[in-house]
Amino acid sequence: MRNMGILGLLLLAGAASAHEDIADLYPQSELYAKPVEVIPYVWSAIGATAPPTYDNSGHNNNLSFVVTGDGVVVINGGASARLAAALHDEIRAVTDQPVRLVINENGQGHAMLGNSYWAAQGVDILAHEDAIEVFAKDGDFILQAMRGYNRDKAEGTELALPNLSFADRHVVEMGEVTLEVLHLGPAHDPGDAQVWIPQWGIVIAGDIAFHERMPPIFAETCTSCWIETFDGPFADLGATYVIPGHGHPTNMAQVTRYTSDYLKDLRARIGEHIEAGGDLAGAFYVDQSRWARLDTFEELATKNAGRVFEEMEWE
């Protein structure tokens, strides 16, 4: 009951404060928000639901950590070395246990660019093999993009690839906690990883799950595959608590509604459009008003529609 109360308070706080128009909730730190204890021993610094900017220091995803009793496991390296250092300061305020492992949830900049800070501390960094391949190929471009918006806050950030990789499942036994680092199948981005802690019923889901901001669909995203992975092995975990890649901690019902249900709805509308002889130009205007409450709707809705049209046109 105590855990449910903590999560309820976080959800109320999220409803009141999480919005893409709020530049910074924690001005004394480069973190967008101060870490909160979601359930005992599992903490998360909830990022902005807006795109990365100088004001939010690129902290627009969730940076989480687990205090195991024999060290700390961090989920996501952060968008810069300075942001990673800011998270480390917060970890030190919670515990004197050392950070022993960093897990990157994918190969995007806000997951991996802070790796250079953690590598300098001698910390092992783990990611899925596909995410490492993406970052190795696109890392220079990702770093330059971050330097463009982050300016002086990019100081000290260099490219650092994870030194540990996995394909399907990697088990971490540390202190009193067993963490299962999983790649459950294709979803939002190549190499998406989920961190499942079965003894506590919590999944740090990464970008397989959204609920406060609109899920971005990339050119290489297979939405039918994402739905299959979400409704199958991800839902089969039976998680009580979900820390998504973006937005406040929540539950499976919420991320199902705003991820799987959204993707199914968009595919259904694009399918109807194609059946009626519609073209790409018209696909941008299919009705997505049902999802207009989601942050980044204005930035992503039409792009998502166009990409799903291109995916479904030859299915």
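**Exercise 1.** In this predicted model, classify arginine 169 as buried or exposed, then find its salt-bridge partner.

*Solution.*
Step 1. Arginine 169 has a relative accessibility of 51%. The cut-off for exposed is over 50%, so arginine 169 counts as exposed.
Step 2. The partner is glutamate 180, with the closest N and O atoms 3.6 Å apart.
Step 3. Place the two residues. Glutamate 180 sits in strand β9 (residues 177-182) and arginine 169 in strand β8 (residues 169-174), eleven residues apart.
Step 4. Check glutamate 180. Its relative accessible area is 17%. Buried means under 20%, so glutamate 180 is buried.

**Exercise 2.** Find which parts of the chain are tied together by arginine 290 and aspartate 265.

*Solution.*
Step 1. These two residues form a salt bridge, and their closest N and O atoms lie 3.7 Å apart.
Step 2. Arginine 290 belongs to the loop between α8 (280-283) and α9 (297-312), while aspartate 265 belongs to helix α7 (residues 252-275). The pair therefore ties together parts that are 25 residues apart in sequence.
Step 3. Compare accessibility. Arginine 290 is exposed at 52%, whereas aspartate 265 is buried at 13%.

**Exercise 3.** Describe the salt bridge between glutamate 158 and arginine 147.

*Solution.*
Step 1. The closest N and O atoms are 3.9 Å apart. The limit is within 4 Å, so the pair qualifies.
Step 2. Glutamate 158 lies in the loop between α5 (129-150) and β7 (164-166), and arginine 147 lies in helix α5.
Step 3. Glutamate 158 is partly exposed at 45%. Arginine 147 is also partly exposed, at 32%.

Terms used: Residues are numbered from 1 along each chain as its sequence is written. This is a predicted model: local features need pLDDT of at least 70, side-chain atom pairs count only at pLDDT 80 or more; totals for chains, interfaces and linings use all residues. Side-chain values use heavy atoms; hydrogens and water are left out. A salt bridge is a side-chain nitrogen of Lys or Arg within 4 Å of a carboxyl oxygen of Asp or Glu. Helices (H or I, at least four residues) and strands (E, at least two) are DSSP runs, numbered from the N terminus. Buried means under 20% relative accessible area, exposed over 50%, partly exposed in between (1.4 Å probe, protein chains only).
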